[in-house]
Amino acid sequence: MDAPAEEELGEFAETILVFGGPYGNLQATEAVLAEAARLRIPQTRMICTGDVAAYCAEPLATANALRAAGITVLMGNCEEALGYGAESCGCGFEDGSRCDLLADQWYRYSTVQLDDDCRAWMRALPRRITLTMAGAKLAVVHGGAQTINRFLFASNAAAEFAEEMELIDADIIIAGHAGIPFTRPMANRIWHNAGAIGMPANDGTPRVWYSLIVPQAQGLRLEHRSLSYDYAAAADKMRRAGLAEGYADCLTSGLWPSLDVLPATETANTGIALAEQTFHWRPASVDA
Ligand SMILES: [Fe+2]
């Protein structure tokens, strides 16, 4: 079954937890589920922005954990590629780049690990998720509005965000794919990337990231939150599986093995620990 273009989740009156990039990292996935339980956020109020299976050692167990929990999952380029049996991950890396060469290894590994049932589940995932909260329209996309593997980082030009937002009818756009959390206010709208839980944010720490979106009396609050988990166990499983040392080391060092996809600003910020941050969105009528 082909993926529906969009899944409408309706109105949310309470906090939702958003996370991206589980990347086959079962330990991080279990940690974010435990974090939600600690925060008393039910799994029906959790959204994953895609890329369930990628760099790490347990793609099938990770997908099954998300499915068993009943979490709403968006189709990432990894689900699209693995679900439809593509030749490569479709991450958008340049041919022959270090990212491309490393991706070839985990992609072949994940292809073998997944079963037909999981691939069918991946093909059935929505490509866009919409919901409303506190007077705001929210839309969840993986990379960009039309290009599933478009990389958008905090330092990208305003025109690039404007171009994407022109195509999406929402006050707040939540994206994945990039792997580094950020929030980019644009006039009265916001582009928000929750980062990834399966791989650190190239900030020199093993922490991973998720977001809380909290309704307020007027508008809502977006919180970037870090998460600590058993990264040593996840790295050990990767090494035992024969996966690239680069990404296994990254789980511990917090440093990406290749910076090919990063703009100059994010490259310069390599190894600088990210801080937890909070942003606010209020309806235009409140600002007036
Ligand atoms: Fe992706």
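Does I41 count as buried or exposed, and at what relative accessibility? I started there, in a predicted model.

**Entry 1: I41**

I41 counts as buried, because its relative accessibility is 7% and the cut-off for buried is under 20%. I placed I41 in the loop between α1 and β3 (46-48). I then looked for its contacts, leaving aside neighbours within four places in sequence. I41 is in contact with T15, L17, A36, M46 and L212. I took one of these pairs further: I41 and T15 are 26 residues apart in sequence, yet their C-alpha atoms are 7.2 Å apart in space.

**Entry 2: the nonpolar cores**

I turned to the largest nonpolar core, which has 68 residues. L17, F19, M46, Y55, I71, F93 and W106 touch the most other members. α4 gives the most to this core, with six residues. Apart from it lies another core, of 20 residues. L74, L138, I174 and W281 are among its members.

I went back to Y55 and listed what it touches, not counting residues up to four places away in sequence. The list is Y23, F93, W106, M199, M238, L243 and Y247.

**Entry 3: the cavity**

How many cavities of 30 Å³ or more does a search of the whole structure find? I found one. The largest cavity has a volume of about 240 Å³. It is lined by 22 residues, with Y23, Y55, F93, A178 and W256 the closest to its centre. α3 (77-84) and α8 (245-253) are the elements that give two or more residues to this lining. I sorted the cavity lining by class: 17 residues are nonpolar, four are polar and one is charged. Y55 thus turns up in the cavity lining as well as in the largest nonpolar core.

**Entry 4: the pockets**

Next I looked at the open spaces. The largest pocket has a volume of about 370 Å³. I noted 19 lining residues, and I180, P181, F182, N269 and L274 lie nearest the centre. β8 (182-186), α9 (264-268) and β12 (277-281) each give two or more residues to the lining. By class, 11 residues of this lining are nonpolar, six are polar and two are charged.

The second largest pocket holds about 190 Å³ of space. I checked its lining, which includes A5, E6, M75, R127 and R128. The stretch from V141 to I148 also contributes, with H142, G144, A145, Q146 and T147 among the lining residues. Its lining has five nonpolar, four polar and three charged residues.

**Entry 5: two helices**

Which residues of helix α2 (residues 59-69) are buried? I read off P59, T62, A63, A65, L66 and A69. They lie on the same side of α2, because they cover an arc of only 155° around the axis. An α-helix has 3.6 residues a turn, so residues three or four places apart point the same way. I looked for what covers the buried residues of α2 and found, among others, β2 (16-19), α1 (26-38), β4 (72-73), α4 (98-113) and α5 (116-123). G70 follows α2, and its phi is positive, near 75°.

I repeated the check on helix α6 (residues 158-165), where F161, E164 and M165 are buried. These residues are on the same side of α6, because their arc around the axis is only 95°. The buried residues of α6 pack against β7 (172-175), β8 and β9 (189-193). I had already met β8 in the lining of the largest pocket.

Conventions
Residues are numbered from 1 along each chain as its sequence is written. This is a predicted model: local features need pLDDT of at least 70, side-chain atom pairs count only at pLDDT 80 or more; totals for chains, interfaces and linings use all residues. Side-chain values use heavy atoms; hydrogens and water are left out. On a 1 Å grid over the protein atoms alone, a cavity is a set of points where a 1.4 Å probe fits but cannot get out, and a pocket is an open set with protein on both sides within 12 Å along at least five of seven lines; lining residues have an atom within 4 Å of a point. Grid points are joined across faces, edges and corners, and a volume is the space filled by probe spheres set on the points. Helices (H or I, at least four residues) and strands (E, at least two) are DSSP runs, numbered from the N terminus. Ala, Val, Leu, Ile, Met, Phe, Trp, Tyr, Cys and Pro count as nonpolar, Asp, Glu, Lys and Arg as charged, and the others, Gly among them, as polar. Buried means under 20% relative accessible area, exposed over 50%, partly exposed in between (1.4 Å probe, protein chains only). The arc is that of the directions from the helix axis to the C-beta atoms. Contact means heavy atoms within 4.5 Å. A nonpolar core is a set of buried Ala, Val, Leu, Ile, Met, Phe, Trp, Tyr and Cys residues joined through side-chain atoms within 4.5 Å.
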